[in-house]
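Please prepare a short briefing on the structure shown below, grouped by topic and with the cut-offs behind each term.

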Amino acid sequence: MKFEKNILCIGAGYVGGPTMAMIAHECPQYKVTIVDINPDRIAQWNSDSLPIYEPGLDELVKATRDRNLFFSTDIEQGIRENDIIFVSVNTPTKTFGTGAGMAADLQYWEKTARQILEHSTSPKIVIEKSTLPVRTAHAMERILNSTQKSVRFDVLSNPEFLAEGTAINDLKNPDRVLIGSRETEEGLKARNALVEIYANWVPRKKIITANIWSSELSKLVSNAFLAQRVSSINAISALCEKTEADVSEVAKAVGSDSRIGSRFLNASIGFGGSCFKKDILNLVYLCRHYGLDDVADYWEGVIKINFYQQERFVQNMLTAMFNTLAGKRICLFGFAFKANTGDTRESPAIYVARRLLEEQAEVVITDPKALDNARIDLANAQGKIHFVDDPYEAAKGCHAIAIMTEWALYGELDYARLYRDAEKPAFIFDGRNILDPQHCFEVGFNVFSIGKRPRTHF
Ligand code: NAI
């Protein structure tokens, strides 16, 4: 069968996989190929057990795989045969050398640019899908034009705004699609080619076009603003605990102002995930690079509050449980960084589990989708750790339950039964404010929520 367009995506991760599955689903006239250097990941994409959990993703992949969606490890062939190339490789925080702990590590991205250059024999539109520091497209263009090759490359920025856990809906009905290009004749032509792809299912008024630097920067700024809201309400939760104000009531009152809005105002143990922290650190690093230290300090505060909130949670546990956790069994309900995903990258649960082990507690972990990742995350942690599928089994004989992830199932458990099987006095620390604290208190637990008065029997 002859397809209208051939599209390649380099990087079959949380972004590349779902994004390309959506394009293949909405555009049966295009052939979409996803390549990755990791053969295990590609084998999983080609199997019945996909490498990532995302509601609705299985159905999408089943409907399109081997029809117009293909997964492969042959990157060279992919580059040769496709003229539209999305790059969605990982861009983690650098762990070494200059900018360690702050700047984006661009080695995977740069390797991809060089591969594209090496194997291209026809003009290519190269699309930055990964989140990158502003002005990366300039470096991309310099690499792609660094040899005497007479192949034309146009670089576009098309950052991805999907959120894990709701990725399929976010892709199907996005708030907006952002496409940045050079504002030259060729740049605008390439921009239009990408607009046409999205216009297959996204209303045109939601497809925003911009200059390439605005587009690159907008992604970092979006994540910084979202994380800032979480840190803002979390900072206030600490004040609520001191003053007998209730953070949920405060959030409701504040969020009802249409200028502020109610979303992302749930106080919690803090944000996690692979993006917020790394993207804000990247923004902070960029600001410092340009000598904007006050601006850098402002955004760095968002990260500091997030760390403070996680440590505060552990300190509250310690204080409530008579200043010692040594030898106590503590059950973590959830390990994923949020509900509806198995992703544990930067999950607050990692920090809490490690701190509890440091305090010589015995840690029992349960999660419906993230136990395999949890095992990897804690592979070299010292101490007694157990991984248990069933939450009732996991909590049996524990001195405390700590809610780490807002999985709906944890709100629906029988807390009277959990109390009967718990070590007494029994404690609940609700790091996501998903439980009814009064109910849990009435069945016997001592209940500590975020930003609310404790409910204790002593
Ligand atoms: P990921 O780590 O799940 O996937 C990246 C994939 O790229 C991996 O499978 C890796 O093997 C592959 N890869 C690395 N170098 C390669 C190369 N040279 N050739 C071929 N494949 C290569 O990362 P994820 O989460 O999909 O993120 C990708 C980018 O998208 C990052 O820049 C991230 O900041 C951004 N992003 C992530 C979102 C998320 O929710 N995870 C949301 C929006 C943007």
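**Core, annotated site and domains**

The largest nonpolar core holds 124 residues, and Ile85, Val126, Leu332 and Ala402 have the most contacts inside it; such a core is a set of buried Ala, Val, Leu, Ile, Met, Phe, Trp, Tyr and Cys residues joined through C-beta atoms within 7 Å. At least three of its residues come from each of domain 1 (5-202) and domain 2 (213-458), with bounds from an automatic or database domain assignment. This is a predicted model, in which local features need pLDDT (the predictor's confidence in each residue, from 0 to 100) of at least 70 and side-chain atom pairs count only at pLDDT 80 or more, while totals for chains, interfaces and linings use all residues. Residues are numbered from 1 along each chain as its sequence is written.

**Confidence**
- The chain averages a pLDDT of 97, with 100% of the residues scoring at least 70, and the model has ipTM 0.99 and pTM 0.96.

**Cys275**
- Cys275 is covered by the "active site" annotation of an unreviewed UniProt entry, and such annotations may be inferred rather than shown by experiment.
- Cys275 counts as buried because it has 25 C-beta neighbours inside 10 Å, the cut-off for buried being 20 or more, with C-beta atoms placed from the backbone (12 or fewer is exposed, in between partly exposed).

**Domains**
- The centres of domain 1 and domain 2, taken over C-alpha atoms, are separated by 32 Å.
- Their contact takes 26 residues from domain 1 and 25 residues from domain 2, where contact requires C-beta atoms, placed from the backbone, within 7 Å.

Methods: Contact = placed C-beta atoms within 7 Å.
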